[in-house]
Amino acid sequence: MNNKDVVAKALYAVLKDDLSMEQIEKLLENPKSADHGDVAFPAFALAKAYKKAPQQIAPELAEKIDGANFEKIEVVGPYLNFFMNKGAISEKVLATVVKEKEHYGDANIGENRNVPIDLSSPNIAKPISMGHLRSTVIGNSIGFIMEKIGYNPIRINHLGDWGTQFGKLIVAYKKWGSEEAVKEQPINELLRLYVQFHEEVETQPELDDEARAWFKKLEDGDKEAVSLWQWFRDESMKEFNKIYDMLEVKFDSLNGEAFYNDKMDEIIELLEEKHLLKEDRGAEIVDLSAYDLNPALIRKSDGATLYITRDLAAALYRKRTYDFAQSIYVVGNEQSYHFKQLKAVLKEMGFDWSDDMHHIAFGLITQGGKKLSTRKGKIVLLEEVLNQAIDSAKEQISEKNPDLENKDEVAKQVGVGAVIFHDLKNDRLNTFDFTLEEVVRFEGETGPYVQYTHARAMSILEKAGFTPDENAHYTLNDEASWEVVKLIQQYPDTILKAASNYEPSVIAKHAIKLAQAFNKYYANVKILADDNQKDARLALVYAVTVLLKEDLRLLGLHAPDKM
Ligand code: ARG
């Protein structure tokens, strides 16, 4: 139970004739400064019923409240300021963390039901973009958060590995490509071929027919077409995997758009059965005017299916295969319209589970205020960013701790962690500007700062030779520890908030606040002083290490013990 619940309960016992529990909870405030206690209740709402001024009501109310859980209840004008009983709360909170360790804050809301998460999903033969990086790290973290509250996450990389562009690529490769060039620099070479196709087609329009014919062959399973396509896909995957390995992201499925090639006839049949397909200039569409949306284009006049057709097949496949509780799509907010249409078509088809599909959108990364353009060499940039972050981490670690044993390992965890944390610390819908200097900064609200704080707390425990005792009573009454205790107490609520908003930034912000509060504590209190509170202080330090490490894990970062 958090402090607001405790206060609400105490108030409800006195006010139940006038206000509901819900109304009381809504009125409670978090005072800005610690001088005004931990929770405040404004008495304005009672003025009408009591026919008195709130300033008069407040002291009378304070008299009546059972004070067992409070150090004091102070009246300031119309406000009741509740000061929680620090000793009782710290004892309970520390005992819980000591007992539950990294499982503190776990919940079983998911009851082990499946939640497929569509994440990363770059396009074969093209560089992986900053947007795909965002999708990867946000989706990965949401997976950990959902798992913490009891769901079974299934990470699906819905690769963009199908579509008419593969016909173009085959034509271009056969005309102007070479095996060696593709092997050497797959993405750059495939992109070059694609660009060349578009240049040449200007003067040779017949290339388009050739490309269409090759894509048709691919769809029909022609051996040569399939083996070329497979090869492009494998070579692209090798490049993507370099980045996934660095980020340590693992997928449960690489079923991309191609996987649904043989599953689209069924979608068309279902749509026909329900009389949902309408002809429109030779193409087939689903009318969505009832949803205030433009029609969804399902099949082009030449019979080719589209991105949305494959997404319809994928949605149905996921429902059948995983019987999901929720189905999550972590994709940039520029695709919001697509997901609205997708859900609307499924709804029209009678699939009410489409309500359990959630598009988890995120904002753009800009550079110098401008949208990043899809230009050559972006994949190098992303790898470069990670490598530069690692180099910078190595430099700073060498300065701070020259004798550190596994320096390279730690530098990797810190450098890559810096990039991930930078992406996750702001609300996902925010647009943010990307500068390398900003990412690899090791001070301020960064991943390395949290990691460093964790390592510092670990070293205190090590120095003291402290291991927590499940049967001990760790009690702290002082103001200095209270800020830290409160952040530990809020942890289960923090997890729930992050999960229900699909918002890793909630975790990142908690980690920063906890690290800051701990560093302040460390600066002001002699933790290792020999007095009867020493073990309680060390138990607090222990709880901080457990939570910081868990926060970092939920974001996809390591927490090295030393750095
Ligand atoms: N490959 C797409 C792109 O890069 C993203 C796919 C997202 N997932 C999905 N099921 N539509 O834009």
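At what angle do the axes of helix α5 and helix α22 cross, and within what distance do they come? Let me start there. This is a predicted model.

Helix α5 is residues 86-100, and helix α22 is residues 534-555. Their axes cross at roughly 55 degrees and come within 10 Å. Angles from 35 to 65 degrees fall outside the parallel and perpendicular classes, so α5 is oblique to α22. The crossing of α5 over α22 is left-handed.

Now the residues. From α5, the contact takes Leu94, Val97 and Val98. From α22, the partners are Ala536, Ala539, Leu540, Tyr542, Ala543, Val546 and Leu547. How does this contact divide into nonpolar, polar and charged residues? There are 10 nonpolar, no polar and no charged.

Stay on α22. A further helix packs on it: α19, residues 479-489. Here the axes come within 11 Å, and the crossing angle is roughly 40 degrees. That makes α19 oblique to α22. The α19 crossing is left-handed. Ser481, Val484, Val485 and Ile488 of α19 meet Leu540, Ala543, Val544 and Leu547 of α22. This contact holds seven nonpolar residues, one polar and no charged.

Look at Leu540, Ala543 and Leu547 in α22. They appear in the contact with α5, and they appear again in the contact with α19.

What does the record say about this region? An unreviewed UniProt entry annotates residues 450-563 as "domain: DALR anticodon binding". In the model, that span is 69% helix and 0% strand. Its end C-alpha atoms lie 12 Å apart.

Next, the sheets. Strands pair through backbone hydrogen bonds, parallel or antiparallel. This model gives us an example of each.

Parallel case. An open sheet of four strands runs in the order β5-β4-β9-β10. The edges are β5, residues 152-156, and β10, residues 357-360. Each has a single partner strand, so one side of each lacks a neighbour in the sheet. From one strand to the next, the twist averages 20 degrees.

Inside that sheet, β4 covers residues 114-118 and β9 covers residues 327-330. Two bridges join them, and the strands run parallel. Which residue in β9 is the bridge partner of Asp118? It is Tyr329.

One helix belongs in this picture. Helix α14, residues 336-348, lies across β9 and β10. The angle between α14 and β10 is about 175 degrees.

A quick note on the stretch at 122-132. The unreviewed UniProt entry labels it "short sequence motif: 'HIGH' region". In the model, this stretch is 27% helix and 0% strand. Its end C-alpha atoms are 6 Å apart.

Antiparallel case. An open sheet of three strands has the order β1-β3-β2. Which strands are at the edges? They are β1, residues 39-42, and β2, residues 70-76, and each pairs on one side only. Neighbouring strands are turned by 20 degrees against each other on average, direction ignored. Four bridges link β1 to β3, residues 79-84, in the antiparallel sense. Ala40 stands opposite Asn81 in β3.

The record covers this part too. Residues 5-84 carry the annotation "domain: Arginyl tRNA synthetase N-terminal", again from an unreviewed UniProt entry. The model puts that span at 41% helix and 21% strand. The end C-alpha atoms of residues 5-84 are 12 Å apart.

That is the tour. Happy to go back to any part.

Definitions and conventions. Residues numbered from 1 in each chain as written. Predicted model: local features only at pLDDT ≥ 70, side-chain atom pairs only at ≥ 80, totals over all residues. Heavy atoms only, no water. Pairing = 2+ DSSP bridges. Axes fitted to C-alpha atoms, helices over the stretch in contact; angles between N-to-C directions. Contact = heavy atoms within 4.5 Å. UniProt positions renumbered as here; feature names shortened; annotations may be inferred. Parallel < 35°, antiparallel > 145°, perpendicular 65-115°, else oblique. Left-handed = near helix turned anticlockwise from the far one by under 90°. Nonpolar A, V, L, I, M, F, W, Y, C, P; charged D, E, K, R; others polar.
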